[in-house]
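Here are my notes on the structure, set out as numbered points for someone who is reading a model of this kind early in their studies. Please keep the sequence and the 3D view open while you go through them.

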Amino acid sequence: MNTPHKAKPIVQPAMVKALLPLALLLLFFLLSRWLIMPPERVGIEAADTDFSACRAYKHTEAISQLPRPSNSLENDRVRAYLISQLEHLGYEVSLQQTTAYSGKRLPTFGHITNIMASLPGTEGEKAILVVGHHDTQPHTPGAADNGIALSAMLEAAAVFKALPPMKNDLVLLFTDSEEIGLLGARAFVGQHPLLENIGLVINLEARGNTGPALAFEVSPDNGWIMREFMQSAAYPLAASLMYEIYQLLPNDTDFTIFKEAGLSGFNIALIEGYTHYHSATDRPENLNINSLQHMGSYVVSLVSHFGELPLHDTKAENLVYFNYAGFGLLAYPMGWNTGILIVLILLYLGVLFLKCKKGKLGWWNSIIGFLLLLAGLALSIGVVWGVNKLVLMAYPHYAVFYGHTFYNANYYYMAYMLLTAGVFYAFYSLLMRRLSADVLF
């Protein structure tokens, strides 16, 4: 009698064991993305005291119809639109028309027209300055860069007129010629008497058209303003590491000029959807309205909070700060860094000592394990670099995009992340067949 052969299960335990870490990595990535999604847009039926991205978006459609480089007819039209909206709300509107100069990189001169809209406070000792530039690159309608700032500022202006007066003054500054040397900001800082009355700066920018709005840059000596930011910002996303990375990049915004002048404040921007940055596709229909809601929530929450605080002394010891889960923020004084590093090194050396004492690990093996870790990282990076080179060879037309960031770039980013994790995991799986786990971990 023949014994029937038992079929092997399709899913082998070894396969599950191998794929589980990658599945957990993907789950962690998706969870982290979900936790920092921008807040849902608020409809036009919202109360006048609430920021509504749907109301603000109507300004986006009116503003971002055509490119509006500085001193163009379209820039004149948009400037007239901004002035009419602000005057309709009852703001005191003034213009700064002058010639400005930038000597950074290439010497640049330009005739600029800045717009200032003021809302007096009940005490009026210091003012909060909210900044967004109204010009664009010559080939983009600039719905995000920087139409999102203009729209958020106009809707926020309406909200502050509906709210009770604050103690501090509010000044909305719509700068000119940001795209050709930050000329409008330079003119305001170098020539306008209002500068002496500014206590805090909030600059709004966009290097993409979607995703959450990040407080990616904070002025030096940030201890006091960051503690207040953590208490007041709606949906805060910030990390001191962002600024450390940003300093390595050859980029500036209007905030650079105010920071160099010694003013305290925040630089807030979108950075996702980079394909549309300085592109003809930076149009209103491509702008994420939820991102506009997030941008506006910063303006309303921060101005409302700092509008009631004394702004004469805004400097304190720097903080290290970061989001730990979603919009939750943690911070500690930067002076703790050395102590934390020493504790971590001692803990690591303590673990090595105990393993060596028990005979599980020798110092030579620990060095080998560290070198293998570096080798695994180098291999993963090298494989992704090579695959990306092959992709660019297969699709040479990707090179025509700004920064080689093509429309399906997000799919490549996700694929490269999985490839990196897969190569690293395969490398360690191979090593575990030949070496002790104590050496590798």
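1. Of the 441 residues in the protein chain, 46% are buried, and please bear in mind throughout that this is a predicted model. The chain holds 13 helices and nine strands, and its C-alpha atoms fill a box of roughly 95 × 50 × 50 Å when the box is taken along the principal axes. If one takes the contacts between residues at least 6 apart in sequence, 79% of them join residues that are at least 24 apart.

2. The sheet is a good place to begin. Seven strands form an open sheet with mixed pairing, and their order across the sheet is 1-2-4-3-5-7-6. Strand 1 (92-102) and strand 6 are the edge strands, each of them pairing on one side only, and from one strand to the next the twist averages 20°.

3. Which strands pair with strand 5, and in what sense? Strand 3 (residues 127-133) pairs with strand 5 in the parallel sense over five bridges, and here Ala127 has Ile198 in strand 5 as its bridge partner. Strand 7 (residues 265-272) also runs parallel to strand 5, and six bridges join the two, with Asn203 standing opposite Asn267 in strand 7.

4. Is strand 5 enclosed or open to the outside? Nine of the nine residues of strand 5 (residues 198-206) are buried, and therefore this strand is largely enclosed by the rest of the structure.

5. Strand 3 has a further parallel pairing, with strand 4 (residues 169-175), over seven bridges, and in that pairing Gly132 stands opposite Phe174 in strand 4. Helices also meet the sheet: helix 3 lies across strand 1, strand 2 (108-119) and strand 4, and runs at about 15° to strand 2. Helix 6 (residues 223-232) packs on the sheet as well, where it touches strand 5, strand 6 and strand 7, and its direction makes about 55° with that of strand 7.

6. How do helix 2 and helix 3 pack? The axes of helix 2 (residues 53-63) and helix 3 (residues 73-89) are 10 Å apart and make an angle of about 150°. Angles over 145 degrees count as roughly antiparallel, so helix 2 is roughly antiparallel to helix 3. The residues that meet are His59, Ala62 and Ile63 from helix 2, and Glu74, Arg77, Val78, Tyr81, Leu82 and Gln85 from helix 3; by class, this contact has five nonpolar, two polar and two charged residues.

7. Side chains of opposite charge can pair when their charged atoms come close. The count of salt bridges in this model comes to six, and one of them joins Arg79 to Asp76, with the closest N and O atoms 2.5 Å apart. Because Arg79 and Asp76 are three residues apart in helix 3, they are separated by about one helical turn. Arg79 is buried, as its relative accessible area is 13%, while Asp76 has a relative accessible area of 34% and is partly exposed.

8. Lys259 forms a salt bridge with Glu217, where the closest N and O atoms are 2.7 Å apart. This pair links distant parts of the chain, for Lys259 is in helix 8 (residues 254-260) and Glu217 is in strand 6 (residues 210-218), 42 residues apart. Glu217 counts as buried, with 0% relative accessibility. Another salt bridge joins the side chains of Glu285 and Arg283 at 3.1 Å, N to O; in this pair Glu285 is exposed at a relative accessible area of 54%, whereas Arg283 is partly exposed at 30%.

9. The last point concerns the backbone. Most residues other than glycine have a negative phi, and most peptide bonds are trans. In this model, a cis peptide bond joins Asp145 and Asn146, with omega about 10°, and Asn146 lies in the loop between strand 3 and helix 4 (147-162). Asn71, in the loop between helix 2 and helix 3, has a positive phi near 65°. Ser177 also has a positive phi, near 60°, and is found in the loop between strand 4 and helix 5 (183-191); with a relative accessible area of 1%, Ser177 is buried.

Notes:
Residues numbered from 1 in each chain as written. Predicted model: local features only at pLDDT ≥ 70, side-chain atom pairs only at ≥ 80, totals over all residues. Heavy atoms only, no water. Buried < 20%, exposed > 50% of the residue type's maximum accessible area, 1.4 Å probe, protein only. Helix = DSSP H or I, 4+ residues; strand = E, 2+ residues; numbered from the N terminus. Pairing = 2+ DSSP bridges. Axes fitted to C-alpha atoms, helices over the stretch in contact; angles between N-to-C directions. Parallel < 35°, antiparallel > 145°, perpendicular 65-115°, else oblique. Contact = heavy atoms within 4.5 Å. Nonpolar A, V, L, I, M, F, W, Y, C, P; charged D, E, K, R; others polar. Salt bridge = Lys/Arg side-chain N within 4 Å of Asp/Glu carboxyl O.
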